[in-house]
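Reader: Hi, I'm new to this one and would like a close look at a single part of it. Could you walk me through the largest pocket?

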Amino acid sequence: MREPKWESLINDASSFCAKHGIVIPEMDKNYHLGKSKRRSSSVTYSHHLCVEVFNNVIDLQLSELNSCFDAVNSNLLLGMASLSPDNSFGNYDKERIMKLATLYPHEFSGSKLEDLSYELDNYILFVKEDNDFSNLKGLGDLFFCL
């Protein structure tokens with residue numbers, strides 16, 4: 001989330017500032033804490049905004065989200081995210097999906113877990129090779145491919 005979203009955020013913020021006549025600091029210039037320009041700093045505006053502001057906010061939001069969900073719910077959400085077709089199934093994680101399946105022992109016995117493992121191997125090979133799946137943006141988009 002940090003890398004691709006940072007670029008998108010900085011582009012949106014720059015566009016907003018330009019539209020409303022707000023001065024944008026030069027991102028490669030040194031950032032000075034407070035009003036004193038005499039104290040030298042090796043930190044650029046870009047680094048300060050990305051690492052010290054943006055990433056800290058993401059960390060705070062993730063901490064808050066983590067405190068809202070127990071381990072089972074977190075595993076459920078991570079397992080579901082592992083099936084997302086975004087970025088050509090870039091989040092695909094067979095182990096997470098298998099872990100998710102073990103939370104449902106009445107649905108997945110030992111032999112069914114073995115079958116699922118095999119089917120997941122086939123699934124990811126099939127969807128990565130099929131061009132119909134290459135531009136999907138979410139789980140809902142899978143419905144329209146069937």
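By class, how many nonpolar, polar and charged residues does the lining of the largest pocket have?

Author: Sure. First, a word on what you're looking at: this is a predicted model, where local features need pLDDT of at least 70, side-chain atom pairs count only at pLDDT 80 or more, and totals for chains, interfaces and linings use all residues. Residues are numbered from 1 along each chain as its sequence is written, and side-chain values use heavy atoms, with hydrogens and water left out.

Now to your question: the lining has seven nonpolar residues, three polar ones and one charged one. Here Ala, Val, Leu, Ile, Met, Phe, Trp, Tyr, Cys and Pro count as nonpolar, Asp, Glu, Lys and Arg as charged, and the others, Gly among them, as polar. That lining is made by 11 residues, and Leu 62, Leu 65, Leu 77, Leu 78 and Ala 81 lie nearest the pocket's centre. A pocket, by the way, is an open set of points on a 1 Å grid over the protein atoms alone where a 1.4 Å probe fits, with protein on both sides within 12 Å along at least five of seven lines; lining residues have an atom within 4 Å of a point. The volume comes to about 450 Å³, meaning the space filled by probe spheres set on the points, which are joined across faces, edges and corners.

Where do those residues come from? Helices α2 (45-68) and α3 (71-81) each supply at least two of the lining residues, and α3 gives the most, with four. For context, the protein chain has seven helices and zero strands; helices (H or I, at least four residues) and strands (E, at least two) are DSSP runs, numbered from the N terminus.

Take Leu 62, one of the residues nearest the centre. This leucine lies in α2 and counts as partly exposed because its relative accessibility is 41% (buried means under 20% relative accessible area, exposed over 50%, partly exposed in between, with a 1.4 Å probe and protein chains only). Leu 62 also joins Leu 65, Phe 69 and Leu 77 in a nonpolar surface patch of about 350 Å². Patches like that use residues with over 30% relative accessible area and no salt bridge (a side-chain nitrogen of Lys or Arg within 4 Å of a carboxyl oxygen of Asp or Glu), with nonpolar side chains (Val, Leu, Ile, Met, Phe, Trp, Tyr) joined within 5 Å and like charges within 9 Å. So Leu 62, Leu 65 and Leu 77 turn up both nearest the pocket's centre and in the patch.

Key: Areas by Shrake-Rupley, 256 points an atom, 1.4 Å probe, with all protein chains shown as cover.
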